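Please walk me through this structure in questions and answers, with the reasoning set out before each result.

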Amino acid sequence: MDRLELIERNILSEVSFNFSRSGGAGGQNVNKVNTKAELRFNINDSKKLSVEEKEMIISHAQSFTNNELELIITSQETRSQLENKEICIEKFFKLLERWTKKQKKRVKTKRSFASIQKRLTAKSRRSDIKKIRNKRMNFE
């Protein structure tokens, strides 16, 4: 699922935001303004995602969810509430894109004859070097 499809489904209508005081630099402003943004998305209650997509997200999102399977993404990178909210939305879309992408099955291939020969000659050269080194050590 790509970003355009998520936007077309209007998945942001199922997202809620909470704002709180942010840590870090900012002087007195930090103590007064709620700039930390927290995006919350309940995976099970979503009507915009299919059952298969929900399962894919749940299997990947364990470190981002709480006990109610609510996806929580936070940002306190900037001093602006709006910018932190936009960063959360961007992270949300990136994660959903990555988690819902279907993996291609790997096609097994054989090594070429030339690559096998190259590997074996390299091994025999290395072996010869070690034999020469071992002979020197025995003489001393």
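The questions below go from the overall fold to the core and then to single residues.

This is a predicted model, in which local features need pLDDT of at least 70 and side-chain atom pairs count only at pLDDT 80 or more, while totals for chains, interfaces and linings use all residues. Residues are numbered from 1 along each chain as its sequence is written, and side-chain values use heavy atoms, with hydrogens and water left out.

Q: Which pattern do the helices and strands follow along the sequence?
A: Helices (H or I, at least four residues) and strands (E, at least two) are taken as DSSP runs and numbered from the N terminus. The chain contains five helices and three strands. Read along the sequence, their pattern is α-β-α-β-α-β-α-α.

Q: How far apart are the end C-alpha atoms of helix α4, and what span should its 20 residues have?
A: The expected span of a helix is 1.5 Å times one less than its number of residues. For the 20 residues of α4 (residues 81-100) that rule gives 28 Å, and it agrees with the distance in the model, where the end C-alpha atoms are 29 Å apart.

Q: Which element gives the largest share of the largest nonpolar core?
A: A nonpolar core is a set of buried Ala, Val, Leu, Ile, Met, Phe, Trp, Tyr and Cys residues joined through side-chain atoms within 4.5 Å, where buried means under 20% relative accessible area, exposed over 50% and partly exposed in between (1.4 Å probe, protein chains only). The largest such core has 18 residues, and Ile11, Leu39, Phe41, Ile57, Leu71, Ile73 and Phe92 are those with the most contacts inside it. Two or more residues come from each of β2 (36-42), β3 (70-75) and α4. The largest share, seven residues, comes from α4.

Q: How is helix α3 oriented relative to α4: roughly parallel or roughly perpendicular?
A: Axes are lines fitted to C-alpha atoms, for helices over the stretch in contact, with angles from 0 to 180 degrees between N-to-C directions; under 35 degrees counts as roughly parallel, over 145 as roughly antiparallel, 65 to 115 as roughly perpendicular and the rest as oblique. The axes of α3 (residues 51-60) and α4 come within 9 Å and cross at roughly 105°. That angle makes α3, relative to α4, roughly perpendicular.

Q: Which residues of α4 does α3 meet?
A: Contact means heavy atoms within 4.5 Å. Leaving aside neighbours within four places in sequence, isoleucine 57 is in contact with Ile43, Leu49, Leu96, Trp99 and Thr100. Taking Glu53, Met56, Ile57 and His60 in α3 together, the residues they meet in α4 are Leu96, Trp99 and Thr100.

Q: What is the relative accessible area of threonine 35?
A: Threonine 35 lies in the loop between α2 (28-32) and β2. Beyond its neighbours within four places in sequence, threonine 35 is in contact with Ser20, Ser22, Ser75, Thr78, Arg79, Ser80, Gln81 and Asn84. Threonine 35 is buried, and its relative accessible area is 7%.

Q: Is arginine 111 buried or exposed?
A: Arginine 111 is found in the loop between α4 and α5 (113-139), and, apart from neighbours within four places in sequence, is in contact with Ile116 and Arg119. Because its relative accessibility is 60%, arginine 111 counts as exposed.
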